[in-house]
Structure formats: structure tokens, C-alpha cells
Amino acid sequence: HPGVMDPDDYDLSGFCVGLVDRTKMLDPESVREGDVLIGLASSGLHSNGYSLARKVCVEGKTHYELRIEREELGGRSLQDALLEPTRIYVKPVRAVLEAHPGAVRALAHITGGGISENLNRALPASCDAEVDLGTWPVPAIARFVCDAAHLDEAEALKTFNMGLGLVLIVDPDRVDDVEIALSAAGEETYRVGRIVAGSGEVRYTGDGSLLEHGDAI
């Protein structure tokens, strides 16, 4: 935990172990060309990239500066924007899986490594995920940190979630049902791309469009 813990500190952690019926597992091998990428809105940085965020946004700042309400953050302070709790998607996603079995082929939790280094985990070796930049709003705090760190688009996409906390890979014939169920569960959804033939990689269309969509405050 660079910048957080001293050399003599220790971190006490816990964990849990779960079981899953193998026949009900979401399996990247079930992903097919033509499947649709559905992104769920994030609430902010989601606990990832904070070493960089602290370095460029917090270090050297006074408590007063961190509490100033900023126009570029929609009137929020930097302190409040950085401390926004991480959204958890378990309940709405489980509800969709139970209501529409087989509609969701696979999913990717967008954590450290951003979209570029997480969505690929949900792909078979024969397919790529083609993500359309500019099809979802980027949180103001993500814009702020990327600007402060001078990250280009490619670096931003492999550092932060950039507004997508979870991406579902969905059967194109059932995508409407999945979106309706997610909306009923209170989720903001965006169609952000598709599955195409490839080699298990994430690729992007609309280079330069990532930060053109209106802010999600």
C-alpha cells in the first residue's frame, strides 16, 4: 500500500470461499461473435488507481484545498469525490441471471487495470471485444485525475474504470430483456460495443472520443 502504510505496519485481511455449480458458471468459452457489451455505470474510481490519484491530487494539498467545492467536479470537493464509495453489482446482476438464464454469456468487473486489462479476461481465444469510446459518460473525478496525471486515452483505459464498473457480454437476441431487468434494478446501462472475431484482446473504436461524452457527476 504505497503512501498509506509505514514499513512496520501490518494489514489484517479476511476472505470467504464460495461454491458454484459448474453447469451454471459464466464461461468465456460461451462468448460468440455478435454478442453485445452492456456497461454498468460506476460511481467513481472504485478503489483502484488511488496511488496515482493521491500522488497527483492529494500530496502537497492542504485540508482546505481538498475541501474546496470545484466546478469541474460538479460542485463537489476533491475530498468527497475521491471518497465516493465503490458500487457493488451483486444483487442486480444475480437478479438478471436468475430471471434470464443464459442471456449473459460472461462478465468482467472493471478493477485495477481498467477496461483494457479486465474485459479481456471474459473472452475466449477466438474473439475480441470491440468497445466504442464515447458511448457512456465518464465521471468527473476520472477526468480530473487523468488530467492531473497527464494520462493519454490509452493510459486512462488501462488505469481507471473510466465510468464502467462492470461489463456484461450478452446474447444479442436477449439484450433488451437484460437491459430492462437491469434498469428495473436501478442500474444505468450503456451499449458500449460488441464481440468480434479476434484473439482474446480488447480493441477500441472512436479514438479520441473517450472524454467527449457529457460528465457523469
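Okay, so helices here are DSSP runs of H or I with at least four residues, strands are E runs of at least two, and both are numbered from the N terminus. With that, Arg174 is easy to place: it's in the loop between β4 (164–170) and α7 (175–184).

Quick background. This is a predicted model, where local features need pLDDT of at least 70 and side-chain atom pairs count only at pLDDT 80 or more, while totals for chains, interfaces and linings use all residues. Residues are numbered from 1 along each chain as its sequence is written, and side-chain values use heavy atoms, leaving out hydrogens and water.

Back to Arg174. Is this residue buried or exposed? In between, actually: Arg174 is partly exposed, at 24% relative accessible area (buried is under 20%, exposed over 50%, partly exposed in between, with a 1.4 Å probe and protein chains only). And what does Arg174 touch, leaving aside neighbours within four places in sequence? His100, Pro101, Gly102 and Ala103, where contact means heavy atoms within 4.5 Å. Arg174 and Val104 sit 70 residues apart in sequence, yet their C-alphas are 8.6 Å apart in space.

Now the cysteines. Cys16 is exposed, with 73% relative accessible area, whereas Cys127 is buried at 3%. How many disulfides are there? Zero, if we count pairs of cysteine sulfur atoms within 2.5 Å.

That's what I have for today, thanks!
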